[in-house]
Structure formats: structure tokens, C-alpha cells
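This report describes one protein for a reader at the start of their studies. Please keep the sequence and the structure in view while reading.

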Amino acid sequence: MKNETFKCDLCGKTIWFEWSAMKIENLTNGISEIYESIVAGETRADILTAEVHPSYRLSAKNLYRYLILRSFDLRKFHDSLSDIGVSSLRSAEGYVFNNLHNVIRNLKLIQGINTPKESGYEVVGYKRGKYLLQRHSRALFNDQQLGHYTEIMVTMPTEAATDLGLVKNMISKGMDVARINLSHDDIKT
């Protein structure tokens, strides 16, 4: 690790950094490449979501953006972004475009490069993403309970296929979502 200091153009203070595997310029370039791939896909996103009900269109576009984001290996960015206190992109699924834009903007601000706040694209922010997820989940599952959020997801063990009591016990203990992992068992189990 390399220790460095730099003078912040915004506050004038000298700031000490312990650099991790990547320098900020490399992080900015790597994240910008992902961002530009999403920008390049906006026309396709518009075409793919044109037939989606207007209430779900922005969420559908966000899903398309998320699929582009996940086509990149983000692991090489996570630790370095976390080291400098910038979103590591680990939980960006609900607001992909906005999150990437803000990460790039913050990286540039750390370097003393001022960038515009707005991206010019219709985006889902963090709060709006949470709201849309909650609204769409309630509509999908016909759940009108306000304040109910899915918090417990259980990957079902093989025994759950034959032990109804096990499943009922998990539900009674608070399981909201059951996930079936098809990579561990075979057709017989």
C-alpha cells in the first residue's frame, strides 16, 4: 500500500490517503467504462421497455441497466471504493444509473474535478428505488400491509422438498421468501 496526501480543492485541507490496489484515476476510468456502456444501451432500453406498462417502465429500464452493470466483474472495484468511502456498487440494483453517476462524480470530486450533478437521463434514485420496490412488491403479491418489508430469505435445503414441517417451521420463524437453489441437487432429490 502506498500512502499519499493531496490538497482538496473544495475545502483546502490536506488529506492523507492509504491507497489500496487501484488509484482513484483507475477507479474513475473503470467505473466510467461501465457507465458509458449503460449510456450506450439507453436506446435499446427504450425499445425493450416501450411495451411495458408506464407504472413499471422505469423499473424495467433499471433492470436492463442492472444487467449491463452485472455483465462486468465488479469485484476489482469493491474494496478500493470502500477504502475511500465511496459506494462499492454492491447494493446498486435498485438505482443503477444514479448510483454509478454519483460514484463517478464523487471520485472526480476527490481528484478536484468538478462535474455536473445531473446525468440527463431518467433515473431511479435510492429513495425512489426503495419506494418502487415496495409498491411493486405489494402489487405483485397483493399485499396491502404498509410497513411490511421482506427481510428474511432462506435458501431451501434438500430436506425441504419432503419435510413440510421444516418449511412450516421456517415460515413461523419469519421466513418471507423461499429460494430454491437448483445447483446442489439432482433430478432425483
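## Report on the structure

The second largest pocket has a volume of about 240 Å³. A pocket here is an open set of points on a 1 Å grid over the protein atoms alone, with protein on both sides within 12 Å along at least five of seven lines, and its lining residues have an atom within 4 Å of a point. Grid points are joined across faces, edges and corners, and the volume is the space filled by probe spheres set on the points. Eleven residues line the second largest pocket, and those nearest its centre are Ala 161, Ile 180, Asn 181, Leu 182 and Asp 185. Six residues of this lining are nonpolar, three are polar and two are charged. In this grouping, Ala, Val, Leu, Ile, Met, Phe, Trp, Tyr, Cys and Pro count as nonpolar, Asp, Glu, Lys and Arg as charged, and the others, Gly among them, as polar.

The model is predicted, with local features needing pLDDT of at least 70 and side-chain atom pairs counting only at pLDDT 80 or more, while totals for chains, interfaces and linings use all residues. Residues are numbered from 1 along each chain as its sequence is written, and side-chain values use heavy atoms, with hydrogens and water left out.

### Overall organisation

The protein contains seven helices and four strands. Helices (H or I, at least four residues) and strands (E, at least two) are DSSP runs numbered from the N terminus. Along the sequence their order is β-β-α-α-α-α-α-α-β-α-β. The protein has 189 residues, and 31% of them count as buried. Buried means under 20% relative accessible area, exposed means over 50%, and partly exposed lies in between (1.4 Å probe, protein chains only). Among the contacts with a separation of 6 or more, 55% are between residues 24 or more positions apart; a contact means heavy atoms within 4.5 Å.

### Salt bridges

A salt bridge is a side-chain nitrogen of Lys or Arg within 4 Å of a carboxyl oxygen of Asp or Glu. By this rule the count is five. The table gives three of these pairs.

| Pair | Closest N to O distance |
|---|---|
| Arg 65 and Glu 42 | 2.8 Å |
| Asp 46 and Lys 61 | 2.6 Å |
| Asp 73 and Arg 75 | 2.9 Å |

Arg 65 lies in helix α3 and Glu 42 in helix α2 (residues 42-49), so this pair ties together parts that are 23 residues apart in sequence. Both Arg 65 and Glu 42 are buried. Asp 46 lies in helix α2 and Lys 61 in helix α3, so their pair ties together parts that are 15 residues apart in sequence. Glu 42, Asp 46, Lys 61 and Arg 65 are linked in a network of salt bridges.

Is Lys 61 buried or exposed? Lys 61 is buried, with a relative accessible area of 9%, whereas its partner Asp 46 is partly exposed at 41%. Helix α3, where Lys 61 is found, covers residues 54-70. Not counting residues up to four places away in sequence, Lys 61 touches Glu 42, Ala 45, Asp 46 and Thr 49.

In the remaining pair of the table, Asp 73 is partly exposed at 37% relative accessible area, and Arg 75 is exposed at 65%.

### Thr 28 and Gln 111

Thr 28 belongs to helix α1 (residues 24-40). Its relative accessible area is 5%, so Thr 28 counts as buried. Leaving aside neighbours within four places in sequence, Thr 28 is in contact with Ile 104, Leu 107, Lys 108 and Gln 111.

Gln 111 is in the loop between α5 and α6 and is partly exposed at 27% relative accessibility. Which side chain does the side chain of Gln 111 meet in a polar contact? The partner is the side chain of Thr 28, at 2.8 Å. A polar contact is a pair of N or O atoms within 3.5 Å; within protein, one must be able to donate a hydrogen and the other to accept it, and residues adjacent in sequence count only if both atoms are side-chain atoms. Gln 111 and Glu 25 are 86 residues apart in sequence, and their C-alpha atoms are 8.0 Å apart in space.

### Glycines and helix α7

Gly 125 lies in the loop between α5 (96-110) and α6 (126-141). The C-alpha atoms of Gly 125 and Gly 94 are separated by 7.9 Å, although the two residues are 31 residues apart along the chain. At the start of helix α7 (residues 164-172), a side-chain oxygen of Asp 163 comes to within 3.2 Å of the backbone nitrogen of Gly 165. Just after α7, Gly 174 has a positive phi of about 115°.

Technical notes: On a 1 Å grid over the protein atoms alone, a cavity is a set of points where a 1.4 Å probe fits but cannot get out, and a pocket is an open set with protein on both sides within 12 Å along at least five of seven lines; lining residues have an atom within 4 Å of a point.
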